[in-house]
Structures are given as structure tokens and as C-alpha cells.
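Thanks for making time this morning. I would like to walk you through the sheet, the helices that lie across it, and the nonpolar cores.

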Amino acid sequence: MGLSLALATALAEPAGAAGGESLAAQVLAEVNRYRASQGLAALQRDARLQAIATAHSEDMARQGRISHGGFQQRLEHSGAQLCVENLAMGARHAGAVVAAWRASPEHHRNLLEPGVQSVGLGQAGTVISLLACRFDTP
């Protein structure tokens, strides 16, 4: 899978949290910069989605692998009309995470989904979960 290959390069990059900011927060800032460059609105943090994404990141970190398994349950738990999900493991640099997602057609499509407006970004070690959703009706 393109995402896995691209993320392998992220392991060699220096870890860094600009100004003490978490990797997840840096990833969200990168995602929102990219969305803005494509004429899309920034994703707004949502506490419920944050909790769901964090729990999923923690589960994947415990298992030592990433998986979209259980996505339907996360969607239902969110109460949203639509959700998209991007995952990363071995992440050390926000730019590398977003570049890997952009290089994968499915994950890139999720980044540019115009119907989502709310987001939760969960992190457990170097495991990142982005869950972006739409709560209003189309």
C-alpha cells in the first residue's frame, strides 16, 4: 500500500513538536493548510471525534498495527452523517504523514472531502488516527 511505503520514510525524519505542540496537532495544522490551498474550509476540532480517534489510535498501538476495522462502529458512535478516516503508524513528522496521505488516492480523496467539517485527531505514540465527519444533513 502506498501509505505504508511512504510512511516508512517518516521514521528516518527527526521527530519534532514545534513549540511543544503534539504530533497530532501538527498533522491537523498540515491538513488544514493543504485543504486551504485547495479552496476548502479548515476542519474544526470536535471533542467526541477526538475521543473516538484517540481510542482507535490506542487500540492500534496496543496491537502494533493499523487497521480500518470497526470503522462502521466509529461512524455510528460519532452520530455523524458522513465520516472519512486516515491512519498512520511510525509517524514522526507531520509533513511526512500528510505527504503519505496525499500520495495514496483513497487517503488523498479523504483529505479533500468537501462534505466534512469536524475532526478528531488521535495519537498514541507514533500512531495517528484522523476521523473527519459531517454532522448536518446535506
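Four strands make up an open sheet of mixed pairing, in the order 1-3-4-2, where strands (E, at least two residues) and helices (H or I, at least four) are DSSP runs numbered from the N terminus, and two strands pair if DSSP finds at least two bridges between them. Strand 1 (44-45) and strand 2 stand at the edges with a single partner strand each, so one side of each has no neighbour in the sheet. This is a predicted model, in which local features need pLDDT of at least 70 and side-chain atom pairs count only at pLDDT 80 or more, while totals for chains, interfaces and linings use all residues. Residues are numbered from 1 along each chain as its sequence is written, and side-chain values use heavy atoms, with hydrogens and water left out.

Strand 1 and strand 3 run parallel and are joined by two bridges, with Gln44 opposite Ser118 in strand 3.

Turning to the core, the largest nonpolar one has 21 residues, of which Val27, Val31, Trp101, Leu121 and Ile128 touch the most other members; such a core is a set of buried Ala, Val, Leu, Ile, Met, Phe, Trp, Tyr and Cys residues joined through side-chain atoms within 4.5 Å, buried meaning under 20% relative accessible area (1.4 Å probe, protein chains only). Helix 2 gives the most to this core, with six residues. Leaving aside neighbours within four places in sequence, Val27 is in contact (heavy atoms within 4.5 Å) with Ala94, Val97, Val98, Trp101 and Leu121.

Notes:
Buried < 20%, exposed > 50% of the residue type's maximum accessible area, 1.4 Å probe, protein only.
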